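Thanks, everyone. Please have a look at the model on the screen, and then I'll walk you through it.

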Amino acid sequence: MNSPNKTSPSISTTVNPSTVSDVAQESVLVLDFGGQTAQLIARRVREQNVFCQLVRHDLSAARIRELNPRGLILSGGPASVYEAGAPHPDPAIFELGIPILGICYGMNLACRSQGCDVQPGKSREFGRTPCHVESDNDLFRGVPKEFIVWMSHGDQVQNLTDRFVPIASTDDCPNAAVKHRTKPLFGLQFHPEVTHTQHGGTLLKNFVQNICGCRGTWHMSSFIEQQVAEMRQRVGNSRVICGLSGGVDSSVVAALLSRAIGSQLSCIFVDNGLMRDGEVESVRENFGKHFKTDLHVVDAQERFLSELAGVSEPQQKRKIIGRVFIEVFRKEAESIPDAHFLAQGTLYPDVIESGAAADGPAATIKAHHNVGGLPAELGFELIEPLRDLFKDEVRAMGLELGLPDDMIWRHPFPGPGLAVRCLGEVRPERLEKLRRVDTIVIDELRQAGLYRKIQQAFAVLLPVQSVGVMGDYRTYDDVVAIRAVQTEDFMTADWYPVPHDVLGKMSTRITNSVRGVNRVVYDISSTPPSTIEWE
């Protein structure tokens, strides 16, 4: 069993193993047995400048041999290895001669495959636990004899036989780490991938570099060069359409394509009237002037707002916006001659969760629809240059490509835009009020040095009026809510404790400068039970 991690590292290196033979020699595969932190293992390995890919737990030894990784990592998981139906790898992987590191459930699998017993421990270990290194070895090189690890398990390897040597222990787990006597096979009962484990990064670095022999020399600049060459070859003389949303992912895709194919790229930005303040101008500046892209800005504000008139129900808003977006995008795309490709910002977590990776985890967690959910009948061939990257790697690519910091580090913005932050009916005057409030919230967070510490922050205009007093006059005006969260995966989130003085400045500025707002409240709900967005 695994424990979720609390930080989001900045990763600056990656490669794509599917197209360049040299890259495959520098890859490590993580076999996913359902642990909550399986993706996190891949991220931690990538921090060591080694490409790492999450694959299905039962990937055949023959397929692994084809992929030619330098090492394998068996992830944690919620099952017990001795239970009926528990997931197991192809037993032939242990005969490939590839270095293998088993983590928690993965360690139990590896040891059991070599004849060891795995049984419920006398006591379960959860949380931070002191660990003692028993002997010098390559896996623990540079790690102190005593350090803190994160445990999350009930089972233990009880009998090592004469094939394994214990190399670390805790008070309740004498075989907290083990090494096979003759094979490059290691096991850790604790989780090196979570930040609660001290020196976890060193342990993973030792495995991929000292044991697997990876050089750790692949940088974002190399990945960009590779993607540029691939796209030029694939596209030829055709045109590529990129649907810009103003967000990080689509902006990075557009910047990468601009470098690769230049004038063969056309970008479509649909101005639906539901954007944040300055959104359209920012897109025009960056892609129309700086990158000199063939930028099509479609002013569809009137159409969107007329279709939304009188609509208050959130799901109905979303359906209307999605339908109209597709209709507007389709019409504009038809005006671009010789366009055969559609580029979108699919990321690696999207590929994993949607079950779209050929060797990826089998379970489909949720479907992902990019570029507004454009339908397949548009007839374009997809280009997804970010499909091997995590979000922080995308940001690193954007910085390498020269996108401005404000665009790279901006907080997520919902596809339906301000329509789902303007609760109740969406009208032009209410949207303008919300834009002004949102600008103040973000500006105060930046001035306080908090913007990069918060994963998402925004304002919500409520369909509620309250009594106030302004200049000795009674008012009956709108209420706005401020929302700020910290999160690792945007599936769960905690409200961020913005200092009271910062909240005070926001409130004062809003009520003094935004006519029609006389009350500001702060949302202290966690997710779950609340969602991050209000609608």
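I'll start with the whole chain, then take the sheet, a helix, the cores and three single residues.

First, a caution. This is a predicted model. Please keep that in mind throughout.

Now the overall picture. The protein chain has 15 helices and 18 strands. Its length is 535 residues, and 56% of them are buried. Next, the contacts between residues at least 6 apart in sequence. Of these, 76% join residues at least 24 apart.

On to the sheet. It is open, it has 5 strands, and the order is β12-β11-β10-β13-β14. The pairing is parallel. Which strands sit at the edges? They are β12, residues 294-299, and β14, residues 381-383. Each of them pairs on one side only. Neighbouring strands are turned against each other by 30° on average, ignoring direction.

Let's stay with β13 for a moment. On one side, 4 bridges join β13 to β10, and the two run parallel. One bridge there links V240 with F341 of β13. β13 also pairs with β14, again parallel, over 3 bridges. Here A343 has I383 of β14 as its bridge partner. L342 is matched with L382, also in β14. How many of the residues of β13 are buried? The count is 4 of 5, so to speak a mostly covered strand.

A helix belongs in this picture too. α6, residues 220-235, lies across β10, β13 and β14. Against β14, α6 runs at about 165°.

Next, α14, residues 428-447. Does its length make sense? At 1.5 Å a residue, its 20 residues should span 28 Å. The end C-alpha atoms are 29 Å apart, so the two values agree. Many α14 residues are buried, including R430, K433, R435, D438 and E444. L431, L434, V437 and I440 are among the buried ones as well. What covers them? The cover includes two helices, α9 (301-308) and α15 (500-513). It also includes the strands β15 (456-470), β16 (473-486) and β18 (517-522). Just after α14 comes G449, with a positive phi of about 70°.

That brings me to the cores. The largest nonpolar core has 49 residues. Which members touch the most others? They are I241, L445, V498 and I510. Several elements supply at least two residues each to this core, among them β11, α10, β13 and α14. β15, β16 and α15 do so too. Take L445 as an example. Beyond four places in sequence, L445 touches L450, Y451, I454, A457, V498 and M506. Apart from this core lies another one, of 39 residues. F223, V240, L265 and V394 are among its members. Recall that V240 is also the bridge partner of F341.

Now three single residues, all in loops.

R421 comes first. It sits in the loop between α13, residues 405-408, and α14. Is R421 buried or exposed? It is buried, because its relative accessibility is 2%, and the cut-off is under 20%. Its contacts, again beyond four places in sequence, include L434 and D438. Both of those are buried residues of α14. R421 also touches Q456, F458, A459, V460 and L461, among others. E533 is on its contact list too.

Second, T487. This residue lies in the loop between β16 and β17, residues 494-495. T487 counts as buried, because its relative accessible area is 12%, under the 20% limit. Leaving out residues up to four places away, T487 touches Q455, T492 and A493. From T487 to Q456 it is 31 residues along the chain, and their C-alpha atoms are separated by 8.4 Å.

Third, D138. The loop here runs between β5 (117-133) and β6 (146-159). D138 is partly exposed, because its relative accessible area of 37% falls between 20% and 50%. Its side chain makes a polar contact of 2.8 Å with the side chain of R141. Farther along the sequence, D138 is in contact with N206, N210 and I211. D138 and N210 are 72 residues apart along the chain, yet their C-alpha atoms are separated by 6.6 Å.

That's the tour. I'm happy to go back to any part of it.

Methods: Residues are numbered from 1 along each chain as its sequence is written. This is a predicted model: local features need pLDDT of at least 70, side-chain atom pairs count only at pLDDT 80 or more; totals for chains, interfaces and linings use all residues. Side-chain values use heavy atoms; hydrogens and water are left out. Buried means under 20% relative accessible area, exposed over 50%, partly exposed in between (1.4 Å probe, protein chains only). Contact means heavy atoms within 4.5 Å. A polar contact is a pair of N or O atoms within 3.5 Å; within protein, one must be able to donate a hydrogen and the other to accept it, and residues adjacent in sequence count only if both atoms are side-chain atoms. The expected span of a helix is 1.5 Å times one less than its number of residues. A nonpolar core is a set of buried Ala, Val, Leu, Ile, Met, Phe, Trp, Tyr and Cys residues joined through side-chain atoms within 4.5 Å. Two strands pair if DSSP finds at least two bridges between them. Axes are lines fitted to C-alpha atoms, for helices over the stretch in contact, and angles run from 0 to 180 degrees between N-to-C directions.
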